[in-house]
Every structure is written in C-alpha cells, then in structure tokens.
Amino acid sequence: MNKKKIFNDPVYGFVTIPTELLFDLIEHTYFQRLRRIQQLGLTSFVYPGALHTRFHHALGAMHLMTLALRTLKDKGVQISAKEGEAAMAAILLHDVGHGPLSHALERSIFHDVHHEELSLHLMRKLNTQFHGALDLAIQIFEGTYSRPFFHQLVSSQLDMDRLDYLNRDSFYTGVQEGRPGADRLIKMLTVVDERLVLEEKAVYSIENFLVSRRLMYWQVYLHKTVTSAEQMVIRIMQRARDLVQAGVEVPASPNLHFFLSRSVTQREFEQDDEILRRFTRLDDTDVWGAVKLWADHPDKVLNYLAQSLLDRHLFKITLQTEAFDEDFQLGIVDLIAEHFQLSAQDATQLMIAGRISNNAYDADGQDPIDVLTKRGRVVNVAEASDLPNIRAISQRVEKHYICYPKEIL
C-alpha cells in the first residue's frame with residue numbers, strides 16, 4: 001500500500017504525508033476522532049465559516065514543520081531523518097488529547113485534566129502500539145531531548161502550532177488581519193547553540209505575528225459573543241453534572257453520561273484504560289446530541305440553557321476593566337429569579353461572572369522569541385531598539401464580564 005499520500009489543504013494547497021509512520025498515526029482511531037472536534041468550539045456562532053476541525057489544524061501544523069525542517073537543513077543544521085520524523089509526529093499529535101468543543105469544556109467535563117497531559121498520555125499509548133517508534137517524538141514533545149530547538153518548533157511562543165492556528169483561523173473566520181506571515185517567519189528560522197532563533201531581518205515580521213495574535217485573541221478567540229456562548233455551554237454541562245450526581249435522570253450518550261456522573265482525575269485517566277477508551281470515543285456530536293435532548297428536560301434551568309443555545313438566543317454580556325460589584329450581581333440574580341420564577345439558588349445558574357485576559361507575548365517568560373543580530377549576538381526580540389510595540393504587546397490585558405438572560409432587561 002502506498003502510504004505517501006497527498007491531500008489538498010484549503011490554506012496551503014497540496015500537502016504530502018512524508019513517511020509511513022505518520023500515515024499510520026493519521027489513520028489511527030485516536031487521531032481520526034479529531035475530525036469530529038471543531039477547532040474553534042462555538043466561534044461559528046459569530047464567524048459562520050469557522051467550522052474547521054482539530055484534524056485540519058494538526059495536518060497543517062505538520063506541514064509547517066516540514067517547511068521549517070527544510071529551511072534549517074538548507075542553512076546547514078544537521079537533522080537526521082529520524083529526528084525529522086519524530087518532530088513531525090510530535091506536532092501531529094500535540095492536540096490528540098483535546099476533548100469536545102476544544103477548550104470550552106476542558107474544565108467542565110473533566111476534573112483538573114489538561115489536554116496537554118492527555119495528549120502526552122495518548123502518545124505513550126500509541127508508542128506502545130507502535131513498538132517504541134514514538135520514543136524520540138515523546139522526548140521532543142516533553143522537552144527532554146538534548147536538542148531543544150525541536151521542542152521549540154512544537155511548543156514555544158513562536159511554534160508551528162501557533163503559526164498554523166493563526167493562519168487557519170484567520171482564513172476560516174475571514175479575519176484577514178490575523179494572518180501571521182508564516183512563510184517569511186519560517187524562512188527566517190535558524191539554530192544557535194541548539195536553540196531556535198530568527199534572523200535579525202525578521203524583526204518586523206515577528207512584530208506582525210504578535211500583533212496578529214493579539215488581534216485574533218480579542219476579535220475572535222475572546223470575542224464577547226463567543227465568550228457568552230462558551231460560558232453558556234459550560235454552565236449547561238455543570239448543571240447536567242449536578243443533576244446526574246444528585247440522582248436525576250439526564251439522558252446522554254453512554255460515554256458523556258459516564259463523565260457527567262463522576263469527577264475523573266488525571267491519575268485515573270492514566271491508571272484505567274476503560275476511562276481512556278471512553279474518552280477517545282467522546283467528541284462534539286455527544287455534546288450537541290445531549291444539548292438537543294436537554295432542551296426538553298423537566299429541569300427549568302437545564303431546559304432554558306439548552307434551548308437558548310440551540311436557538312442562538314445567547315446571554316447578554318457586558319465587559320469592563322473592574323470586577324462587577326457584588327450588590328450588582330445579587331440584583332441580577334433577583335431579577336432572574338423573579339422573571340423565571342426560580343429559587344435564588346437556581347437563579348444563580350443563569351448569571352455568569354468571570355474574567356478573560358491575554359498578552360500576545362511574554363517577554364520575560366522562560367521561552368522568549370530570540371533574534372540573531374548581524375553581529376552574532378542572540379537577544380530577546382523585545383529588546384530590539386526600534387520595536388517599542390513588542391514591549392507594549394507584552395502587557396497583559398484583563399477584562400471582567402457578566403452574562404445573563406436578555407429577558408430580564
């Protein structure tokens with residue numbers, strides 16, 4: 001069987017799967033599940049074209065990794081075929097542990113379980129099935145390999161993951177200002193002392209990348225309407241979980257019902273293969289199927305939330321720089337209780353307060369974006385004398401929000 005397949009990617013054009021191992025990983029049930037998990041969760045409520053999946057993104061990130069490795073080889077960096085394949089496998093599988101609706105339900109279906117840790121656990125399971133073929137890929141993913149630039153290509157402040165999701169998400173949302181200029185950035189990559197750096201002439205491209213990232217976060221990922229929708233689906237899952245654990249009958253697929261009925265920890269994931277099997281059969285279709293059922297549930301809170309989400313009758317959301325006053329929040333709850341004829345405790349389920357924050361670049365972090373000057377020095381890009389924007393972009397911006405049903409207005 002010819003396993004060096006070519007697929008047509010709408011962002012990059014024709015993309016090749018370069019080795020048999022990568023083909024077999026893509027064919028595996030763990031990876032195929034990503035076809036059924038949308039990359040941007042509920043963002044399509046605002047940007048109707050944002051219907052691409054984690055499957056798309058993983059293949060795109062693998063393609064960018066092939067371009068980056070080719071660039072480094074052309075500049076004299078010694079990279080063996082085994083290292084190249086391992087780096088591509090690591091980026092291909094970096095999101096394999098994502099749960100339904102991507103980030104939206106990461107905290108509400110599972111208990112203190114992060115997708116990065118699940119991805120690593122699934123990689124180890126795959127490594128057993130593939131008889132150790134992923135040993136090096138796991139080292140690169142974990143950052144324990146002796147050549148750290150490979151890990152930086154997979155996970156850093158300018159990695160192939162970020163370059164693809166900014167490229168892809170701007171393409172599918174239609175937010176053209178979010179395109180990061182990935183081609184030029186990749187062409188400017190090089191390695192100094194086994195660490196990834198960019199040539200000095202890339203500094204303006206880096207600034208464009210960081211500005212694009214900041215714009216995409218506030219205009220797409222943290223868009224206030226997207227935030228409202230995501231908080232509603234989180235509250236739906238929390239309400240369903242509370243009802244199930246209180247002994248109320250709540251219909252759901254067997255695998256979703258399993259996770260609603262108990263709080264599964266990371267340790268349990270790693271120790272119980274049955275839990276892992278259930279997880280790898282869970283995707284967006286379980287969530288949407290359940291929400292459709294719950295729109296007819298006798299519980300008034302669950303019923304209202306589910307039907308509102310299905311009809312895109314989203315909560316009103318207000319943002320401000322300061323936290324909302326406690327008396328204001330209590331007033332909202334009182335209005336909800338009066339309008340919907342709910343107890344004060346149930347009314348609190350229809351009022352959601354929280355905060356969102358972002359900084360496009362962590363200039364003082366452990367893994368900064370480094371630039372190789374023409375004099376041979378390696379410096380943090382934020383220290384470039386004529387780029388005050390990068391230091392400004394490094395400042396964290398925080399916004400507080402409150403969401404509640406529009407009917408109470």
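## Helices, core and buried loop residues in a predicted model

Around helix α17, the elements that cover the buried residues include α16 (300-310), α18 (344-347) and β9 (397-404). The model described here is a predicted one, and this report begins with α17, then turns to another helix, the nonpolar core, a hairpin and several loop residues.

The buried residues in α17 include I332, V333, I336, A337 and F340. These residues cover an arc of only 135° around the axis, and therefore lie on the same side of α17. The face of α17 turned away from that buried side carries D327, D334 and E338, which are exposed. The length of the helix can also be checked: at 1.5 Å a residue, the 15 residues of α17 (residues 326-340) should span 21 Å, and the end C-alpha atoms are 21 Å apart, so the two values agree. At the N-terminal end of α17, D325 acts as a cap, with a side-chain oxygen 2.8 Å from the backbone nitrogen of D327. After the helix comes Q341, which has a positive phi, near 55°.

M351 brings a loop up against this helix. Its place is between α18 and β6 (352-358), and because its relative accessibility is 10%, under the 20% cut-off, M351 counts as buried. The C-alpha atoms of M351 and I332 are 7.2 Å apart, although their positions lie 19 residues apart along the chain in the sense of sequence separation. When neighbours within four places in sequence are set aside, M351 is in contact with R235, Q329, I332, V333, I336, I402 and C403.

Helix α15 (residues 284-294) can be read in a similar way. Its buried residues are D284, D286, V287, A290, V291 and W294, and they cover an arc of only 160° around the axis, which puts them on the same side of α15. T285 and K292 are exposed on the face of α15 turned away from the buried side. What covers the buried residues of α15 includes α11 (224-245), α12 (254-261) and α16, and α16 is also among the elements that cover the buried residues of α17.

In soluble globular proteins, nonpolar side chains tend to be buried together. In this model the largest nonpolar core has 149 residues, of which L25, L153, M160, F259, F269, W294 and I336 touch the most other members. Helix α3 (residues 54-74) provides the largest share of this core, 10 residues. For L25, residues up to four places away in sequence not being counted, the residues touched are F31, A89, L92, L93, L126, F130 and L134.

Near the start of the numbering, strand β1 (residues 6-9) and strand β2 (residues 13-16) pair in the antiparallel sense over 4 bridges. The two strands form a hairpin with 3 residues between them, and F7 stands opposite V15 in β2.

Three further loop residues are buried and take part in polar contacts through their side chains. R147 lies between α6 (135-142) and α7 (149-154), and is buried, with a relative accessible area of 13%. Q157 lies between α7 and α8 (160-173), and counts as buried at 12% relative accessibility. H52 is placed between α2 (29-32) and α3, and counts as buried at 0% relative accessibility. Their polar contacts are set out below.

| Loop residue | Partner | Distance |
|---|---|---|
| R147 side chain | E83 side chain | 3.1 Å |
| Q157 side chain | D362 backbone nitrogen | 2.8 Å |
| Q157 side chain | D367 backbone oxygen | 3.3 Å |
| H52 side chain | D169 side chain | 2.7 Å |

The wider surroundings of these residues, again without neighbours up to four places away in sequence, can be listed in turn. R147 touches V77, Q78, I79, E83 and E194, and its C-alpha atom is separated by 9.8 Å from that of L196, which is 49 residues apart from R147 along the chain. Q157 touches R162, F209, Y361, D362, D367, P368 and I369, so that list includes D362 and D367, the two residues whose backbone atoms its side chain reaches. H52 is in contact with Q38, Q39, L40, R168, D169 and Y172.

Terms used
Residues are numbered from 1 along each chain as its sequence is written. This is a predicted model: local features need pLDDT of at least 70, side-chain atom pairs count only at pLDDT 80 or more; totals for chains, interfaces and linings use all residues. Side-chain values use heavy atoms; hydrogens and water are left out. The expected span of a helix is 1.5 Å times one less than its number of residues. Buried means under 20% relative accessible area, exposed over 50%, partly exposed in between (1.4 Å probe, protein chains only). The arc is that of the directions from the helix axis to the C-beta atoms. Contact means heavy atoms within 4.5 Å. A polar contact is a pair of N or O atoms within 3.5 Å; within protein, one must be able to donate a hydrogen and the other to accept it, and residues adjacent in sequence count only if both atoms are side-chain atoms. A nonpolar core is a set of buried Ala, Val, Leu, Ile, Met, Phe, Trp, Tyr and Cys residues joined through side-chain atoms within 4.5 Å. Two strands pair if DSSP finds at least two bridges between them.
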